[in-house]
Amino acid sequence: MTETRLTIRRPDDWHLHLRDGEMLKAVLPSTSANFGRAIIMPNLVPPVVTSKDAAGYRDRILAAIPEGHDFTPLMTLYLTETTDADDLEQAAKSGLVTAVKLYPAGATTNSQSGVRDFDKVAGVLERMAEIGLPLLVHGEVTTSDVDIFDREAVFIETVLDPIRRKFPKLKVVMEHITTEEGVNYAKSGGDNLAATITTHHLIINRNDILVGGIKPHFYCLPVAKREKHRLALRAAATSGDARFFLGTDSAPHLDQNKLCECGCAGIFSALNTMSCLAHVFEDEGALDKLEGFTSLNGPAFYGVEPNAETVDLVKTNHKVIYPPNIPTPDGPVTLFNPGFDIFWKVET
C-alpha cells in the first residue's frame, strides 16, 4: 500500500477535560501536540464559577504547556444558581471566557454544583443572549424516574427546547450528543444551535460496554446508546453539515478510580483522537469532510478564524502503536482503545 496523505487546518477540540495539578500536567501534552485550541470544561473541585477562578485556571494551563507547543485554552464558567451576570459579562467582554457550561445537578463527574431550578438562571441566560455568549449544555435530565438511556431525549423535550423558546437569541451548543433525537434536534435549529460529537461515540455502542463483561474504560456520561444512534452520529459527523463539530469530551481518570466498585465516568481519547477519526471518516468514504468537522465548523460557530497552521494525516501500511496508558504521579490513565488497528498518524 502506498502512503496516503491528507493535509487539513490544525484542528480544535470544542469540549475537553484537563483536570488540575499533576493530572493537568500529564494529559495536556496529548492535546497541545495536535490541537490549536480547546474549550476547557470548568467542573473542577471546586468548580470554575467566577472570572477570578477562570483566570487562575487559565494561568495554570498556560504554565503546563510543553515548550514548542502552540496551544490556546478557551475558558468557560460553570453555571450555578448564584452566577453573577455582571461578572460573567465582564469576563466575556475581556476575552477571558468563551462560553458558559450548564450541568444539570448530578448529571456527570463533579456536577453536584449544577443547576436544579432553571428559573433561577433565567436572568443569566437572558444576559448571555444579549451579549452573544454561548451556552454549552450537558443534555441529560437526572430525575430517577427517567431511564439513563432516555435522559438525552427527555432533556431536549423538557429543558432545552423550552429554554431556546424563551431565549430565542441564545447561542447553544448541545455537547456530546449521543442519540438520533439529538442529531435531529440540532438539524432543526437555526444558526444559533450546534452540536459537538465525541470520538468514542462514533465508535462504540452500549453493547461494547456490556457484552462479554463490563468494560469500565468504555463507561462515560452520556452513556453510549444503541447502534442506531451511533450510526446517526456517524452520518451527522461525516455529512459536512456545519452544525456538527468535534468535541472529544476527553476525560482522564486514574485507573484506580475507573476500576472500582463505583467507577468514574469518562474516556481519555485526546492522544489518539485524530488517528481514530481519520479511520472513521475513511470508513464512511468522507475523508474530504474531516477538515470541516475537526477544523472549520467549530470556529465558524464561535465566530473565530480557523487555525492558520496545517497538519498532515498520513496513512501507511505500518500499524500505529499508541501506549495503552499515560503515566501520572498517582497512577496510569488508560487511553481509549477503539477496537481496531490504527494506520493513520498526525504529522505536525
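**Exercise 1. Locate H176 in the predicted model and describe its surroundings.**

Solution.
Step 1. H176 sits in the loop that links β7 (172-175) to α6 (180-188). The model is a predicted one.
Step 2. Buried means under 20% relative accessible area. H176 has 2% relative accessibility, so H176 counts as buried.
Step 3. Leaving out residues up to four places away in sequence, H176 touches H15, H138, G139, E152, T196, T198, L221, P222 and D249.
Step 4. One of these neighbours, H138, also meets H176 through a polar contact: their side chains are joined at 3.3 Å.

**Exercise 2. Which residues does UniProt list together with H176 under "binding site", and where do they lie?**

Solution.
Step 1. The unreviewed UniProt entry lists K101, H138 and H176 for "binding site". These residues span 76 residues in sequence, yet no two of their C-alpha atoms are more than 12.6 Å apart, so they gather at one spot.
Step 2. H138 is part of strand β6 (residues 135-138). With a relative accessible area of 1%, H138 is buried.
Step 3. The side chain of H138 makes a polar contact of 2.7 Å with the side chain of E140.
Step 4. K101 belongs to strand β5 (residues 97-102). K101 is buried, its relative accessible area being 0%.
Step 5. Not counting residues up to four places away in sequence, K101 touches H15, M41, P42, L77, Y78, L79, L136, V137, H138 and E175. H138 is thus among the contacts of K101 and among those of H176.

**Exercise 3. Examine the second "binding site" listing, which contains H15, H17, K101 and D249.**

Solution.
Step 1. This listing, too, comes from the unreviewed UniProt entry. The residues span 235 residues in sequence, but no two of their C-alpha atoms are more than 13.1 Å apart, so they gather at one spot.
Step 2. K101 appears in this listing and in the one treated in Exercise 2.
Step 3. H17 is found in the loop between β2 (13-16) and α1 (21-32). Its relative accessible area is 7%, and H17 is buried.
Step 4. Neighbours within four places in sequence aside, H17 is in contact with M41, N43, Y103, D249, S250, A251 and P252.
Step 5. The side chains of H17 and D249 make a polar contact at 3.0 Å. D249 is also touched by H176.

**Exercise 4. Describe helix α3 (residues 85-93), its ends and its packing.**

Solution.
Step 1. At the N-terminal end, D84 acts as the cap of α3: a side-chain oxygen of D84 lies 2.9 Å from the backbone nitrogen of D86.
Step 2. Within the helix, A85, D87, L88, E89 and A91 are buried.
Step 3. An α-helix has 3.6 residues a turn, so residues three or four places apart point the same way.
Step 4. The buried residues of α3 pack against α2 (51-64), β4 (72-78), β5 and α4 (122-131). Strand β5 is the one that holds K101.
Step 5. Just after α3, G95 takes a positive phi of about 90°.

**Exercise 5. Work out the strand order of the open sheet that contains β1, β10 and β13, then place its helices.**

Solution.
Step 1. The sheet has 3 strands in the order β1-β10-β13, and their pairing is antiparallel. Its edge strands are β1 (4-9) and β13 (344-347), each of which pairs on one side only. On average, neighbouring strands are turned by 25° against each other, direction ignored.
Step 2. β1 and β10 (residues 310-315) run antiparallel and are joined by 6 bridges. I8 has V311 of β10 as its bridge partner.
Step 3. Helix α11 (residues 290-302) packs on the sheet and touches β1 and β10; its direction makes about 25° with that of β1.
Step 4. Helix α10 (residues 273-283) lies across β1, β10 and β13, running at about 125° to β13.

**Exercise 6. How are α10 and α11 oriented to each other, and which residues make their contact?**

Solution.
Step 1. The two axes come within 9 Å and cross at roughly 140°.
Step 2. Angles over 145 degrees would count as roughly antiparallel. α10 and α11 are therefore oblique to each other.
Step 3. M274, L277, A278 and F281 of α10 make the contact with L290, F293 and T294 of α11.

Notes
Residues are numbered from 1 along each chain as its sequence is written. This is a predicted model: local features need pLDDT of at least 70, side-chain atom pairs count only at pLDDT 80 or more; totals for chains, interfaces and linings use all residues. Side-chain values use heavy atoms; hydrogens and water are left out. Two strands pair if DSSP finds at least two bridges between them. Helices (H or I, at least four residues) and strands (E, at least two) are DSSP runs, numbered from the N terminus. Axes are lines fitted to C-alpha atoms, for helices over the stretch in contact, and angles run from 0 to 180 degrees between N-to-C directions. Contact means heavy atoms within 4.5 Å. UniProt positions are given in the numbering used here, feature names are shortened, and annotations may be inferred rather than shown by experiment. Buried means under 20% relative accessible area, exposed over 50%, partly exposed in between (1.4 Å probe, protein chains only). A polar contact is a pair of N or O atoms within 3.5 Å; within protein, one must be able to donate a hydrogen and the other to accept it, and residues adjacent in sequence count only if both atoms are side-chain atoms. Angles under 35 degrees count as roughly parallel, over 145 as roughly antiparallel, 65 to 115 as roughly perpendicular and the rest as oblique.
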